[in-house]
Amino acid sequence: MTQQRSVKGLLIYLFIGIIAMFPLYLLALSTLTANPIQLEQLREMMGISVQPKLLALISVIPNYILLIIALVIGFFTAHKVGLKSVIIHPNARAQSKAEWIKGIKLAIILGSIAGVVIRGFDYLLEPLLTESIKELIRPYSASEFMTALLYGGIVEELLIRFGFMSLLVFILWKLFDRKSVKPANWIFIIAIFVSTLLFALGHYGATANATEMTAFIWFRMIFLNGFAGLFFGWIYWKHNLELAMLAHMFAHISMNLLMLIYSFFI
């Protein structure tokens, strides 16, 4: 059950994390530059008066610290419970070409379904949405699209799946199923649901900044993000982390494609 781990793979993800954080930094910078009031509020909250560039950089540093913690946790727990990363666990690469193609197709299909369901839900229930939420249902800008692909697709999967889900499976295994050689399926299922709930709740800040948190907005936030998270968690369990990342990316790609089509015809 124990798989070889690659410190080189861990360092690769630390470097990829820096690259993935850059679009988030650019998005934060453009937001602060375009909103002087929000800029001043953030300066007052932090108790410092600095240029927007430095303030945007400071705002993304906690995310990178969390990424480092998640990578370390996943590095020491994932292989022990049979969860895999192709980059960190070299043994996970030992698949046939047919298996790779099958996994990639599955990730693209499930990710695309998740994206269509998420955005289709909003279009179907648009009359119930607040105006501020409706304004967010538009095609991504270039920086938003890159942030969604890199930060959403890579960093969020490292945080939620590789870090938190791996740790949760390991803890549940040791607490309730330690006599078994490997964790039982129910442990993975619980970990997928709990990590998915955390993934959904992780969108609270952005949602609360956009609109009042009514009962319907709470339901929308948890259901839509949770629906996608279940797919990503299952793919991580049954395949590997990188395919979960691919599915997450295609969720954003299909969402943006649907928004482009909708904006063209409506």
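These legends go with several close-up views of one predicted model.

**Overview: the chain is built from helices alone, with 10 helices and 0 strands.** From the N terminus on, the order is α-α-α-α-α-α-α-α-α-α. Helices (H or I, at least four residues) and strands (E, at least two) are DSSP runs, numbered from the N terminus. The C-alpha trace spans about 55 × 45 × 35 Å along its principal axes. The radius of gyration is 19 Å, which agrees with the value near 18 Å for a compact globule of 266 residues. That radius is taken over C-alpha atoms, and the globule rule is 2.2 Å times the number of residues to the power 0.38. Residues are numbered from 1 along each chain as its sequence is written. In this predicted model, local features need pLDDT of at least 70 and side-chain atom pairs pLDDT 80 or more, while totals for chains, interfaces and linings use all residues; side-chain values use heavy atoms, without hydrogens and water.

**Surface and charge: the accessible surface comes to about 13800 Å².** Carbon and sulfur atoms hold 71% of this surface. The areas come from the Shrake-Rupley method with a 1.4 Å probe; for residues, only the protein chains shown count as cover. Of the 266 residues, 44% count as buried. Buried means under 20% relative accessible area, exposed over 50%, and partly exposed in between (1.4 Å probe, protein chains only). The chain carries 20 positive and 13 negative side chains. Lys and Arg count as positive, Asp and Glu as negative; His and the chain ends are not counted. The centres of the two sets lie 17 Å apart, with each charge placed at NZ of Lys, CZ of Arg, CG of Asp or CD of Glu.

**The main core: the largest nonpolar core has 60 residues.** A nonpolar core is a set of buried Ala, Val, Leu, Ile, Met, Phe, Trp, Tyr and Cys residues joined through side-chain atoms within 4.5 Å. Those with the most contacts inside this core are Leu 71, Leu 83, Leu 158, Phe 162, Val 169 and Tyr 236. Elements giving it two or more residues include α1 (7–34), α3 (52–77), α4 (97–124) and α10 (241–265). Helix α6 gives the largest share, 13 residues.

**Around Tyr 236: this residue touches Leu 83 and Phe 162, among others.** A contact means heavy atoms within 4.5 Å. Other partners of Tyr 236 include Lys 84, Arg 161, Met 165 and Ala 244. Residues up to four places away in sequence are not counted. Across the chain, 77% of contacts between residues at least 6 apart in sequence join residues at least 24 apart.

**Around Trp 234: a residue of helix α9 (residues 215–238).** Trp 234 is partly exposed, with a relative accessible area of 35%. Beyond four places in sequence, Trp 234 touches Leu 106, Leu 110, Ile 192 and His 239. Gly 120 is 114 residues away in sequence and 22 Å away in space, C-alpha to C-alpha.

**Around Asp 122: a buried residue in helix α4.** The relative accessible area of Asp 122 is 0%. Leaving out residues up to four places away in sequence, Asp 122 touches Leu 129, Ile 137, Arg 220 and Leu 224.

**Phe 76 and Gly 205: two partly exposed residues.** Phe 76 is in helix α3 and has 47% relative accessibility. Phe 76 and Phe 170 are 94 residues apart in sequence and 10.0 Å apart in space, C-alpha to C-alpha. Gly 205 is in helix α8 (residues 204–210), with a relative accessible area of 36%. The C-alpha atoms of Gly 205 and Leu 136 are separated by 15 Å, at 69 residues apart along the chain.
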